[in-house]
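Subject: Structure for your review

Dear colleague,

Please find the structure below, handed over for your consideration. A summary of what was found in it follows.

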Amino acid sequence: MNIRKILTAFDGSASSQKAFRAAVDLAVNLKAKVTILTVVRVPDFSPSMDEVEETIDEAEKHYQPFLRELLEYGQKNGVELSTVIKRGHPAETIIKYATDNGIDLIVMGTRGLGGFKKMVIGSIAQKVVSYSNTPVMVIRE
Ligand SMILES: Nc1ncnc2c1ncn2[C@@H]1O[C@H](COP(=O)(O)OP(=O)(O)OP(=O)(O)O)[C@@H](O)[C@H]1O
Ligand SMILES: [Mg+2]
């Protein structure tokens, strides 16, 4: 198995930060590139396009300082990093992005920003593991 392109799914949570660091460590060892993908959920219930644009803009602003820090961390480790923000359903979008961009490995956390701590693994991680054809590495919190 040749791992050249790693996708790490980042929602800002501590768990996704841990997953990101694991992705960078792997990338150093494998001389791979890392893409950080953040998905902004779009409300299901008929918002106007203006509202959707506003949500995306706000999310981008919100994530910018975090992403900058991650980029610096990557640079320090000599890893080629890029960031992508997409809108949509997180699991579907992560899976589709990986397929469309020839990603060799998805790295994600077991937990995210959501609340149902009774579950061992969050619903997004669960769905990606269940439906992705791209191999997935899940990093425990
Ligand atoms: N919107 C997102 N964009 C990118 N990655 C995400 C997003 N949401 C979750 N992830 C990835 O999935 C991992 C697990 O998060 P998940 O959302 O499954 O757990 P949770 O938030 O605790 O539970 P739930 O969302 O089911 O309430 C995160 O560590 C992150 O890697
Ligand atoms: Mg979540």
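Helices and strands are counted here as DSSP runs, with at least four residues for a helix and at least two for a strand, numbered from the N terminus. On that basis the chain of this predicted model holds 4 helices and 5 strands. Read from the N terminus, these elements follow the order β-α-β-α-β-α-β-α-β. The radius of gyration is 15 Å against the 14 Å given by the globule rule for 141 residues, so the chain is as compact as a globular protein of that length.

Along the principal axes, the C-alpha atoms occupy a box of roughly 45 × 30 × 30 Å. Buried residues make up 32% of the 141 in the chain. Of the contacts with a separation of 6 or more, 75% are between residues 24 or more positions apart.

As regards ligand 1, there are 23 residues around it, of which Gly109, Gly112, Gly114, Gly122 and Ser123 come nearest. At least two residues of this shell are supplied by each of helix H1 (14–30), strand E2 (33–40), strand E4 (105–109) and helix H4 (123–131). By type, the shell comprises 11 nonpolar, 10 polar and 2 charged residues.

One further residue may be noted. Lys31 lies in the loop between H1 and E2. Lys31 has 11 C-beta neighbours inside 10 Å and therefore counts as exposed, the limit for that class being 12 or fewer. Its C-alpha atom is separated by 9.4 Å from that of Gly78, a residue 47 positions away along the chain.

Yours sincerely

Methods:
Residues numbered from 1 in each chain as written. Chains lettered and ligands numbered in written order. Predicted model: local features only at pLDDT ≥ 70, side-chain atom pairs only at ≥ 80, totals over all residues. Near = placed C-beta within 6 Å. Nonpolar A, V, L, I, M, F, W, Y, C, P; charged D, E, K, R; others polar. Rg over C-alpha atoms; globule rule 2.2 N^0.38 Å. Buried ≥ 20, exposed ≤ 12 C-beta atoms within 10 Å, placed from the backbone. Contact = placed C-beta atoms within 7 Å.
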